[in-house]
Amino acid sequence: MEPKALWYDPTGHAGQRALLRWGLREPSWYAYTVGYRRAVQRLVESVHAQEGHDTLAYPIVWLSRHAIELALKGLIVAFNDNLNQSTTLRANHDLLYQEEMVEGLLRTLGGDDEPSLTRLRDSIGRISALDPDSLRFRYPTLKDGTPSTAMEAINLDVLAEEVG
């Protein structure tokens, strides 16, 4: 069966369909970012309802990190567009590099609010320290077989607040 036929049904009830192409720009970095952030919020709400709270920590942390990565990459694209420059995004998950790119482009555009830049830098640093390579909460072990995280627990409400 063709994948489109399996998943696509334009006649279904509106509540059963998810519109994927609603942004002004394709692909819409904003739509992806918002979607991942909303998923984090919904999962954290289900943790409050005691629905699989321990096992949901892994997707919550990874989705949080991914939402931040999408937001940073979206800002890089938007800022470069504003400067009439083309964008070539690095094919990696290095949040610290992406934050440096955003900060540099923001400064080029005249954004030099140092307290805001410091908050951004600190927030990205905390998330990056938690999962520097986007693998720590996707898999139980790293490529070399070592455990992916040594953490005993995480406060999901604090994490969700960090993501926004």
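**Exercise 1. Decide whether Glu103 and Arg121 are buried or partly exposed, then find what joins them.**

*Solution.* Step 1: Glu103 has a relative accessible area of 11%. Buried means under 20%, so Glu103 is buried.

Step 2: Arg121 has a relative accessible area of 31%. That value lies between 20% and 50%, so Arg121 counts as partly exposed.

Step 3: Now look at the two side chains in this predicted model. Glu103 and Arg121 form a salt bridge, and their closest N and O atoms are 2.9 Å apart. The pair links distant parts of the chain, with Glu103 in helix H4 and Arg121 in helix H5, 18 residues apart.

**Exercise 2. Check the length of helix H4 and work out how its buried residues are arranged.**

*Solution.* Step 1: Helix H4 covers residues 95–108, which is 14 residues. At 1.5 Å a residue, H4 should span 20 Å, and its end C-alpha atoms are indeed 20 Å apart, so the two values agree.

Step 2: List the buried residues of H4: Leu95, Gln98, Glu99, Val102, Glu103 and Leu105. Seen down the helix axis, these fall within an arc of 170°, so they line one face of H4.

Step 3: A rule about helices helps here. An α-helix has 3.6 residues a turn, so residues three or four places apart point the same way.

Step 4: See what lies on either side. The buried residues of H4 pack against helix H3 (57–82) and helix H5 (114–130). On the face turned away from the buried side sit the exposed residues Glu100 and Thr108.

Step 5: Finish with the two ends. At the start of H4, a side-chain oxygen of Asp94 comes to within 3.1 Å of the backbone nitrogen of Leu96. After H4 comes Gly110, with a positive phi near 95°.

**Exercise 3. Find which residues of the largest nonpolar core touch the most other members, and which helix gives the most to this core.**

*Solution.* Step 1: The core has 25 residues, and Ile60, Ile68, Leu156 and Leu159 touch the most other members.

Step 2: Helices H2 (29–48), H3, H4, H5 and H6 (156–163) each supply at least two residues of this core. H3 gives the most, with ten residues.

Step 3: Zoom in on Leu156. Leaving aside neighbours within four places in sequence, Leu156 is in contact with Val44, Val47, His53, Ala57, Ile60 and Val61.

**Exercise 4. Describe the salt bridge between Glu69 and Arg65.**

*Solution.* Step 1: The two side chains meet at 3.2 Å, N to O. Step 2: Both residues lie in helix H3, four residues apart, about one turn of the helix. Step 3: Glu69 and Arg65 are both buried.

Key:
Residues are numbered from 1 along each chain as its sequence is written. This is a predicted model: local features need pLDDT of at least 70, side-chain atom pairs count only at pLDDT 80 or more; totals for chains, interfaces and linings use all residues. Side-chain values use heavy atoms; hydrogens and water are left out. The expected span of a helix is 1.5 Å times one less than its number of residues. Buried means under 20% relative accessible area, exposed over 50%, partly exposed in between (1.4 Å probe, protein chains only). The arc is that of the directions from the helix axis to the C-beta atoms. Contact means heavy atoms within 4.5 Å. A polar contact is a pair of N or O atoms within 3.5 Å; within protein, one must be able to donate a hydrogen and the other to accept it, and residues adjacent in sequence count only if both atoms are side-chain atoms. A nonpolar core is a set of buried Ala, Val, Leu, Ile, Met, Phe, Trp, Tyr and Cys residues joined through side-chain atoms within 4.5 Å. A salt bridge is a side-chain nitrogen of Lys or Arg within 4 Å of a carboxyl oxygen of Asp or Glu.
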